[in-house]
Amino acid sequence: MIPIKTESAWRGTADCRRCGIRDMVLFADLREEDFNLIHAPIDDLEYAAGQPLLRMGETATSLYTLRSGVIKLVRNTVDGRQRIVRVLRSGDVVGLEALMGPTYDADAIALTPIKVCRLPLQVIQRLNRETPRLHQRLLEQWHHSLKEADDWLAELNFGNARQRVAGLILKMRSAHDPETCTLFSREDMGAMLDLKLETVSRTLNAFVREGLIEPMDKIGRVYRVMDAERLKAPKGV
């Protein structure tokens with residue numbers, strides 16, 4: 001068994017046959033005979049906000065399915081700054097690069113409390129060889145990851161501050177309630193959007209004054225989106 005990291009909490013061995021989010025993750029299409037190919041344990045883990053799940057350059061031994069919560073993927077720039085290159089949410093797969101290379105490509109750090117299932121690489125490799133159903137799901141996850149990376153670059157790294165912050169608000173809306181948006185610390189938002197912390201705060205405050213969003217908590221992490229159409233085409237600064 002792969003050692004459990006000290007900062008994580010082991011919740012037991014995952015029951016993939018009965019997982020509540022199976023339709024969103026890799027094992028959705030597997031049949032009963034496919035599960036018989038899984039011999040290594042799949043660990044059910046919890047991490048607190050701020051704790052690392054993976055580190056860039058670390059030997060890749062597993063993939064992870066994100067069952068709940070939000071993860072940031074972080075890389076260091078040549079000038080020593082940290083850039084958040086993508087955000088992962090429930091149903092996403094973390095560490096797909098383990099299928100192609102020996103190490104992980106970015107730090108994966110919990111932005112909120114998270115629950116993940118750790119899939120040993122040998123399990124994924126065997127299923128990929130022996131059942132076409134997993135192979136198709138892996139291709140879909142690759143496509144999803146590439147599209148998300150392209151969308152992240154196109155939507156959140158160009159334009160003025162209002163356009164970038166508005167794009168993040170729209171992107172982080174709940175899939176179940178599009179009027180609710182969950183954001184992060186201003187520092188994290190600045191690292192995502194390549195903006196200064198003060199610029200992020202000033203822009204969010206402007207959106208609140210203009211009635212585009214409304215805070216739903218005291219720390220400014222959860223907002224109600226009041227006018228999505230105006231956010232999609234915010235005025236310049």
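**Entry 1: the whole chain**

I began with burial. Of the 237 residues in the protein, 48% count as buried. I keep in mind that this is a predicted model. I then looked up the accessible surface, which comes to about 12200 Å². Carbon and sulfur atoms hold 52% of that surface. I listed the secondary structure next and found seven helices and twelve strands. I also checked how far apart contacting residues are in sequence. Among contacts with a separation of 6 or more, 72% are between residues 24 or more positions apart.

**Entry 2: a sheet of three strands**

I turned to one open sheet. Its three strands come in the order 10-12-11, and the pairing is antiparallel. Why is one side of strand 10 and of strand 11 left without a neighbour in the sheet? Strand 10 (180-182) and strand 11 (213-215) stand at the edges, and each has a single partner strand, so one side of each has no neighbour there. From one strand to the next, the twist averages 30°.

I went through the pairings one by one. Strand 10 is joined to strand 12 by three bridges, and the two run antiparallel. Strand 11 is likewise joined to strand 12 (residues 222-225) by three bridges, also antiparallel. I noted as a reminder that strands of a sheet pair through backbone hydrogen bonds.

Which residues stand opposite Arg224 of strand 12? On one side I found Thr180. Glu214 also stands opposite Arg224. Further along, Ile213 stands opposite Val225 in strand 12.

I then compared the faces of strand 12. Tyr223 and Val225 make up the covered face. Val222 and Arg224 make up the uncovered one.

**Entry 3: Gly220 in the hairpin**

Strand 11 and strand 12 form a hairpin with six residues between the strands. I picked out Gly220, which lies in the loop between these two strands. Gly220 takes a positive phi near 75°. Is Gly220 buried or exposed? Its relative accessibility is 7%, so Gly220 counts as buried. The cut-off for buried is under 20%. I also looked up its distance to Ser185. The two are 35 residues apart in sequence, yet their C-alpha atoms are 8.4 Å apart in space.

**Entry 4: the nonpolar cores**

I moved on to the largest nonpolar core, which has 31 residues. The members that touch the most other members are Val87, Leu168, Ile169, Leu183, Met192, Leu204 and Leu231. Which elements supply at least two residues each? They are strand 6 (82-88), helix 3 (132-156), helix 4 (161-171), helix 5 (186-193), helix 6 (197-209) and strand 12. Helix 4 gives the most, with six residues.

Apart from this core lies another, of 30 residues. Leu53, Ala108, Ile114 and Leu119 are among its members.

I followed Leu183 in the largest core in more detail. Leaving out residues up to four places away in sequence, Leu183 touches Leu168, Ile169, Met172, Met189, Leu204, Arg221 and Tyr223. Tyr223 I had already met on the covered face of strand 12.

**Entry 5: Thr203**

My last stop was Thr203, in helix 6. Thr203 has a relative accessible area of 7%, so it is buried. What does Thr203 touch, not counting residues up to four places away in sequence? I found Ala161, Arg162 and Val165.

Methods. Residues are numbered from 1 along each chain as its sequence is written. This is a predicted model: local features need pLDDT of at least 70, side-chain atom pairs count only at pLDDT 80 or more; totals for chains, interfaces and linings use all residues. Side-chain values use heavy atoms; hydrogens and water are left out. Two strands pair if DSSP finds at least two bridges between them. Helices (H or I, at least four residues) and strands (E, at least two) are DSSP runs, numbered from the N terminus. Axes are lines fitted to C-alpha atoms, for helices over the stretch in contact, and angles run from 0 to 180 degrees between N-to-C directions. Buried means under 20% relative accessible area, exposed over 50%, partly exposed in between (1.4 Å probe, protein chains only). A nonpolar core is a set of buried Ala, Val, Leu, Ile, Met, Phe, Trp, Tyr and Cys residues joined through side-chain atoms within 4.5 Å. Contact means heavy atoms within 4.5 Å. Accessible areas come from the Shrake-Rupley method with a 1.4 Å probe; for residues, only the protein chains shown count as cover.
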